[in-house]
Amino acid sequence: MSQTPPPPASAPRSDAPSSGRLPSLVAIVTGGGSGFGEAIAHTFHREGAKVVIADRNAAAAERVAAALRSTGGEALAVPMDVTVSADFARLVDETLKRFGRIDVIVNNAGISHANQPMLSVPEAEFDRLYQVNVKSIYLSAIHGVPVFRRQGGGAFINIGSTAGVRPRPGLSWYNGTKGAVVLLTKSLAVELAPDKIRANCINPVIAETPLLTTFMGVPDTPENRARFLATIPLGRLCQPADVANAALFFADPASSFVTGSCLEVDGGRCI
Ligand SMILES: NC(=O)c1ccc[n+]([C@@H]2O[C@H](COP(=O)([O-])OP(=O)(O)OC[C@H]3O[C@@H](n4cnc5c(N)ncnc54)[C@H](O)[C@@H]3O)[C@@H](O)[C@H]2O)c1
């Protein structure tokens, strides 16, 4: 019995929605079960992408995928840990099996130590921080670049932080991981440009997500918030939608000439 071969990656696909900025693009969002990642997943889905929500929290990943499917279109949840090479390999395999290609990988999953003096952070916590925030970029390249090369291009979007550009005291080791994200983004961009693979980075300022009190290191009271707001010229915290809108720009083929950019989404904090 003969099987119909899949269409080549460059062929127009019949299931492509007629509207949206990311029609039928396939995007993986790590840490898509919460915060920025969840907002990015919703925004990409709204713009016509097929979104794969990769998260260590299986229930959160499935919740977001189900929410996307409930509004039409396709979405897949893949429970995985971004620090484990076999998990990243399975993520890529499952995405290819389901959607046939990968256009965008958003390296968003990240953690921080609580705001505290640098000498108080235990070694094991330091190691875990670098694994989640930095090694994940390495693994995304190891498993993602061969796919992008086969397809003739692709885009990495890495979520850094203003912490990697304008560090605050009390977050020193976290700041270092985000400095690495910025430099790795530029390194990926320059080395992979001949393969038409782009890499860009978003640097949000402190935001209203579950990580907020970890960054503040104090309870989220109006007085404590006011201290942080005083350092942000536009006078408010970052919202997940701010980051999702920036990610949309980098995923959109309209930004095909933009690579190695690190965009502050920070209300002016880094000026
Ligand atoms: N919230 C902020 O103020 C802020 C500011 C600047 C940058 N960032 C960065 O933005 C990114 C997202 O942060 P957020 O505030 O949305 O966080 P969040 O805690 O709301 O969401 C992070 C998600 O990543 C998942 N995750 C954590 N470790 C993982 C792992 N090893 N493997 C797979 N999934 C994992 C979690 O389960 C969670 O769903 C992080 O990289 C963070 O450093 C956050």
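**Exercise 1. In which sense do β4 and β5 pair, and over how many bridges?**

The model is a predicted one, in which local features need pLDDT of at least 70, side-chain atom pairs count only at pLDDT 80 or more, and totals for chains, interfaces and linings use all residues. Residues are numbered from 1 along each chain as its sequence is written.

Step 1. Helices (H or I, at least four residues) and strands (E, at least two) are DSSP runs numbered from the N terminus, and two strands pair if DSSP finds at least two bridges between them.

Step 2. Over 4 bridges, β4 and β5 pair in the parallel sense, and within this pairing N107 has N158 of β5 as its bridge partner.

Step 3. The two strands also belong, together with helix α4 (residues 123-151), to a right-handed β-α-β unit; a crossover is right-handed if, with the strands pointing away from the viewer, the path from the first strand over the helix to the second runs clockwise.

**Exercise 2. Follow β5 to its other partner and describe its two faces.**

Step 1. Strand β5 pairs with strand β6 (residues 197-204) in the parallel sense over 6 bridges, where N158 stands opposite C201.

Step 2. Helix α5 (residues 172-192) completes a right-handed β-α-β unit with β5 and β6.

Step 3. In a regular strand the side chains alternate between the two faces of the sheet. In β5, G154, F156 and N158 point one way while A155, I157 and I159 point the other way, and all are buried, a residue being buried if 20 or more other C-beta atoms, placed from the backbone, lie within 10 Å of its own.

**Exercise 3. Trace the chain from β1 to β3.**

Step 1. Strand β1 (residues 26-30) and β2 pair in the parallel sense over 5 bridges, with I28 opposite V52 in β2.

Step 2. β1, α1 and β2 make a right-handed β-α-β unit. From β2 the chain crosses through helix α2 (residues 58-70) to β3, and this β-α-β crossover is right-handed as well.

Step 3. Strand β3 (residues 75-79) runs parallel to β2 and is joined to it by 5 bridges, and D55 stands opposite P79.

Step 4. On β2, K50, V52 and A54 lie on one side and V51, I53 and D55 on the other, and all of these residues are buried.

**Exercise 4. Check the length of α1 and place the helix relative to the ligand.**

Step 1. The 12 residues of α1, at 1.5 Å a residue, should span 16 Å (the expected span being 1.5 Å times one less than the number of residues), and the end C-alpha atoms are 17 Å apart, which agrees.

Step 2. The helix is mostly covered, since 11 of its 12 residues are buried, and G48, which follows α1, has a positive phi near 100°.

Step 3. The ligand is surrounded by 30 residues (C-beta atom, placed from the backbone, within 6 Å), of which the closest are G31, S34, G35, G110 and T209. The elements giving two or more residues to this shell are α1 (35-46) and α6 (212-216), and α1 gives the most, with 3 residues.

**Exercise 5. Explain why I102 is classed as buried.**

Step 1. I102 is found in the loop between α3 (85-99) and β4 (104-107).

Step 2. I102 counts as buried because it has 25 C-beta neighbours inside 10 Å.

Step 3. Not counting residues up to four places away in sequence, I102 touches V26, I28, V92, T95, L96, G144, V147 and G154, where contact requires C-beta atoms, placed from the backbone, within 7 Å.

Step 4. For V147, which is 45 residues apart from I102 along the chain, the C-alpha separation is 7.2 Å.

Methods: Two residues are in contact if their C-beta atoms, placed from the backbone, lie within 7 Å.
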